[in-house]
Amino acid sequence: MKTIEIIVDAKGEATVQTKGFSGPSCREASKALEQALGVAQSDTPTGEMYQVKTAEQPLPQGNG
C-alpha cells in the first residue's frame, strides 16, 4: 500500500516519508506536500527509491 507520512516534531520541523513507492515515483507523489511545507533541509532516499518496478506477466498455461 502506498502511503505518505508527515511527522512534525516538538520543534515544529516536518519530515515527509513515503512508503510503498518504487523508483522515483515517491518524489512525484510527495512533491506538492514538500513544496507546501517549505524548503527541504535534507533528502534521504530509502531502498525503495532504487527498486525497479517490474511488469507482471501471466504464467504460460500448460496444454494438458
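**Close-up views of a predicted model**

**View 1. Thr18 sits in strand β2.** The model shown here is predicted. Is Thr18 buried or exposed? Thr18 is buried, because its relative accessibility is 16%, and buried means under 20%. Which residues does Thr18 contact, once neighbours within four places in sequence are set aside? They are Thr3, Ile4, Cys26, Ser30 and Glu48. Buried residues such as Thr18 make up 9% of the 64 residues in the protein chain.

**View 2. The protein chain holds one helix and two strands.** Along the sequence the pattern reads β-β-α. Strand β1 covers residues 3–8. Strand β2 spans 14–19. Helix α1 runs over 25–37. Take the contacts between residues at least 6 apart in sequence: 31% of them join residues at least 24 apart. The exposed surface of the protein chain comes to about 5,700 Å². Carbon and sulfur atoms supply 53% of that surface.

**View 3. Lys2 lies in the segment before β1.** Lys2 counts as exposed because its relative accessibility is 55%, and exposed means over 50%. Which residues does Lys2 touch, not counting those up to four places away in sequence? Lys2 touches Lys19, Gly20 and Phe21. One of these, Phe21, is 19 residues from Lys2 in sequence. In space, the C-alpha atoms of Lys2 and Phe21 are 6.0 Å apart.

**View 4. The largest pocket holds about 840 Å³ of space.** Its lining consists of 26 residues. Which residues lie nearest the centre of the largest pocket? They are Thr15, Val16, Glu34, Ser42 and Asp43. Both β2 and α1 supply at least two residues of the lining. Which element gives the largest share of the lining? That element is β2, with six residues. By class, the lining of the largest pocket has ten polar, nine nonpolar and seven charged residues.

**View 5. Ala40 is found in the segment after α1.** Is Ala40 buried or exposed? Ala40 is exposed, because its relative accessibility is 61%, and the cut-off for exposed is over 50%. Ala40 and Val16 are 24 residues apart in sequence. Their C-alpha atoms are 9.8 Å apart in space. Val16 also appears in View 4, among the residues nearest the centre of the largest pocket.

**View 6. Thr44 belongs to the segment after α1.** Thr44 has a relative accessible area of 66%, so this residue is exposed. How far apart in space are the C-alpha atoms of Thr44 and Gln17? They are separated by 9.5 Å. Along the chain, Thr44 and Gln17 are 27 residues apart.

**View 7. The mean pLDDT of the protein chain is 79.** A pLDDT of 70 or more is reached by 78% of the residues. Where is confidence highest, and where is it lowest? Strand β1 has the highest confidence, at a mean of 89. Helix α1 has the lowest, at a mean of 86.

How values were computed:
Residues are numbered from 1 along each chain as its sequence is written. This is a predicted model: local features need pLDDT of at least 70, side-chain atom pairs count only at pLDDT 80 or more; totals for chains, interfaces and linings use all residues. Side-chain values use heavy atoms; hydrogens and water are left out. Helices (H or I, at least four residues) and strands (E, at least two) are DSSP runs, numbered from the N terminus. Buried means under 20% relative accessible area, exposed over 50%, partly exposed in between (1.4 Å probe, protein chains only). Contact means heavy atoms within 4.5 Å. Accessible areas come from the Shrake-Rupley method with a 1.4 Å probe; for residues, only the protein chains shown count as cover. On a 1 Å grid over the protein atoms alone, a cavity is a set of points where a 1.4 Å probe fits but cannot get out, and a pocket is an open set with protein on both sides within 12 Å along at least five of seven lines; lining residues have an atom within 4 Å of a point. Grid points are joined across faces, edges and corners, and a volume is the space filled by probe spheres set on the points. Ala, Val, Leu, Ile, Met, Phe, Trp, Tyr, Cys and Pro count as nonpolar, Asp, Glu, Lys and Arg as charged, and the others, Gly among them, as polar. pLDDT is the predictor's confidence in each residue, from 0 to 100.
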